Amino acid sequence: MNYKSTRSNLEVKASQAILMGLAPDGGLFVPEMIPKFVPENEDKTALKEKLYAFSQMTYQELAYEIMKLYLDDFTEEELKTCIANAYDSKFDTDVIAPLVQKDGLFYLELFHGSTIAFKDMALSILPHLMTVSAKKNHETRKIVILTATSGDTGKAAMAGFQDVEGTEIIVFYPKDGVSEIQKLQMATQRGENTHVVAIRGNFDDAQTAVKKMFNDKEMAKELSEHGICLSSANSINIGRLVPQIVYYVYAYSQLVKTGVIMPGDEINITVPTGNFGNILAAFYAKLMGLPVHRLVCASNENKVLYDFFRTGDYDRKREFILTSSPSMDILISSNLERLIYRICGNDPELCRSFMNDLSGNGSYVITDEMRERLADFVGGFASEEENFEGIADLYRKSGYVIDTHTGIANAVSRRYIRDSKDAIPMVVASTASPYKFAASVVGAISPDQVSGKTDFELIDILHSLSNVEEPNAIRDIRTAPIRHKIVSDVDEMPDTVRRILMEK
Ligand SMILES: *Cc1c(COP(=O)(O)O)cnc(C)c1O
């Protein structure tokens with residue numbers, strides 16, 4: 001299986017795509033074809049048997065079954081070792097991604113890893129995939145990961161790469177665009193190879209500047225002379241996308257196992273969306289053969305994607321709104337490029353021209369023919385108010401507490417069900433622990449208790465409201481020393497990188 005760039009005819013193996021992150025032409029790597037659970041010409045019975053077999057597997061076993069189809073230049077032993085090292089006791093539950101039914105919906109809890117956000121699902125395995133890939137390709141230079149984060153990626157990436165030999169990681173986050181807990185999580189990160197830089201700008205500024213560094217040939221040459229090669233842990237890396245497919249199949253398997261559905265029955269999936277990585281993985285699961293009826297793409301007030309699905313016009317020229325779901329405060333959803341490539345008939349020239357329009361004019365409009373290929377998706381968005389009301393309502397009815405990102409998906413999926421009368425079981429991707437956004441969550445459920453409280457007092461209140469044990473990730477930052485204090489302007493980012501790397 002080869003991986004193609006969305007912007008040229010470049011083709012590489014999986015391990016090379018993982019090492020590079022972004023293609024040198026600025027494109028994203030996509031598998032040349034999406035593998036199927038069962039060969040296309042086999043009947044429905046074969047698929048049902050496969051889906052039943054999946055329902056009998058552990059998370060790790062299923063991860064191997066799915067990932068081997070994409071990473072076919074890894075040996076069985078290499079891949080199984082990566083999986084075993086990733087999905088272990090770092091997760092606070094053996095099932096890794098529990099599915100819980102509350103007030104009629106199925107919440108897929110993706111926040112049981114070490115940094116309590118769904119990014120752990122992929123970032124706990126990416127460093128292992130990357131070091132194996134480096135060996136495979138006789139890469140002896142030090143791998144330096146540059147990552148722009150809207151809050152959760154950076155922490156999860158550092159947790160994954162912390163003290164991994166032969167790697168160094170630099171994370172950029174918007175100084176005023178993350179929660180206090182997120183900020184503390186990053187500033188206290190341990191590991192001799194981890195670096196954190198707060199940026200005077202928003203996430204899109206940081207992401208654009210990081211992409212620019214990846215495309216900077218001069219800089220690449222200079223760093224290479226110092227024995228360094230850059231790579232990315234952002235969701236544009238195929239090594240993040242592939243592990244994310246697994247948990248959608250796992251969610252389906254759990255519904256089969258508990259008798260909610262029969263193998264072959266359809267489900268719907270709602271994903272709180274920012275960079276479009278998580279929902280794209282769900283789409284890939286569908287293309288592989290997972291019976292998914294609709295993919296509901298839930299946005300917050302930065303509703304570029306909602307407008308895109310409604311009109312075919314992707315337009316980032318609008319106000320950037322800071323919301324209480326900061327990891328979704330994004331106007332340039334990078335992974336959408338993979339979908340654009342697909343719906344424009346896998347044509348790199350065409351795809352590149354759309355992306356050039358986006359970077360040059362801030363927008364592009366797809367053709368009617370391309371729009372017709374988006375029928376699997378439904379766009380929706382929720383305001384801050386709807387989000388908070390939904391969180392409070394769910395808590396009143398079930399005692400279950402969700403975070404503000406899951407809250408967006410919660411509000412959007414419930415509205416979708418009300419409006420469409422679609423009664424197919426709905427899986428909602430639950431992307432962060434409420435503890436990570438305690439101030440907003442307590443504000444939604446019990447607003448009288450918020451004023452004048454510190455974040456840690458709010459965490460204590462959340463504990464008494466939810467009765468869910470405080471995660472290690474929170475306990476840890478109560479006392480951990482601050483290690484990272486660098487602040488940088490956006491245009492200084494390349495120099496900051498040089499300084500960090502050359503001083504080592
Ligand atoms: C990153 C993130 C999202 C958005 O996921 P994308 O793959 O970027 O669409 C949603 N919720 C949380 C908590 C996140 O950390």
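**Exercise 1. Work out which polar atoms of the protein face the ligand, and how far the ligand is covered.**

Start with F276, of which a backbone N or O atom lies 3.0 Å from an oxygen atom of the ligand. The model is a predicted one, in which local features need pLDDT of at least 70 and side-chain atom pairs count only at pLDDT 80 or more, while totals for chains, interfaces and linings use all residues. Residues are numbered from 1 along each chain as its sequence is written, and side-chain values use heavy atoms, with hydrogens and water left out.

Next, take N275, where a polar backbone atom is 2.7 Å from an oxygen atom of the ligand. Then turn to T431, whose side chain places an N or O atom 2.8 Å from a nitrogen atom of the ligand. Finally, consider the cover: of the 390 Å² of accessible area that the ligand has on its own (Shrake-Rupley method, 1.4 Å probe), the protein covers 98%.

**Exercise 2. Determine whether Q185 is buried or exposed, and describe its surroundings.**

First, locate Q185 in helix α8, residues 180–187 (helices are DSSP runs of H or I with at least four residues, strands runs of E with at least two, numbered from the N terminus). Its relative accessibility is 1%, so Q185 counts as buried (under 20% relative accessible area, with exposed over 50% and partly exposed in between; 1.4 Å probe, protein chains only).

Then list its partners: leaving aside neighbours within four places in sequence, Q185 is in contact (heavy atoms within 4.5 Å) with T115, I116, K155, K436, A473 and I477. With K436, the side chain of Q185 also makes a polar contact of 3.2 Å (a pair of N or O atoms within 3.5 Å; within protein, one must be able to donate a hydrogen and the other to accept it, and residues adjacent in sequence count only if both atoms are side-chain atoms).

**Exercise 3. Classify the ring pair F308 and Y364, and place both residues in their setting.**

Begin with Y306 and F381, one of the 16 aromatic pairs in the structure (ring centres of Phe, Tyr or Trp, the last by its six-membered ring, within 6.5 Å). Their centres are 4.9 Å apart and their planes at 55 degrees, so this pair is tilted (stacked is under 30 degrees, edge-to-face over 60, tilted the rest). Y306 belongs to helix α13 and F381 to strand β14, 75 residues apart; Y306 is partly exposed, with a relative accessible area of 22%.

Now apply the criterion to F308 and Y364: with centres 6.4 Å apart and planes at 70 degrees, the pair is edge-to-face. F308 lies in helix α13 and Y364 in strand β13, 56 residues apart. F308 is buried at 1% relative accessibility, and Y364 is buried at 3%.
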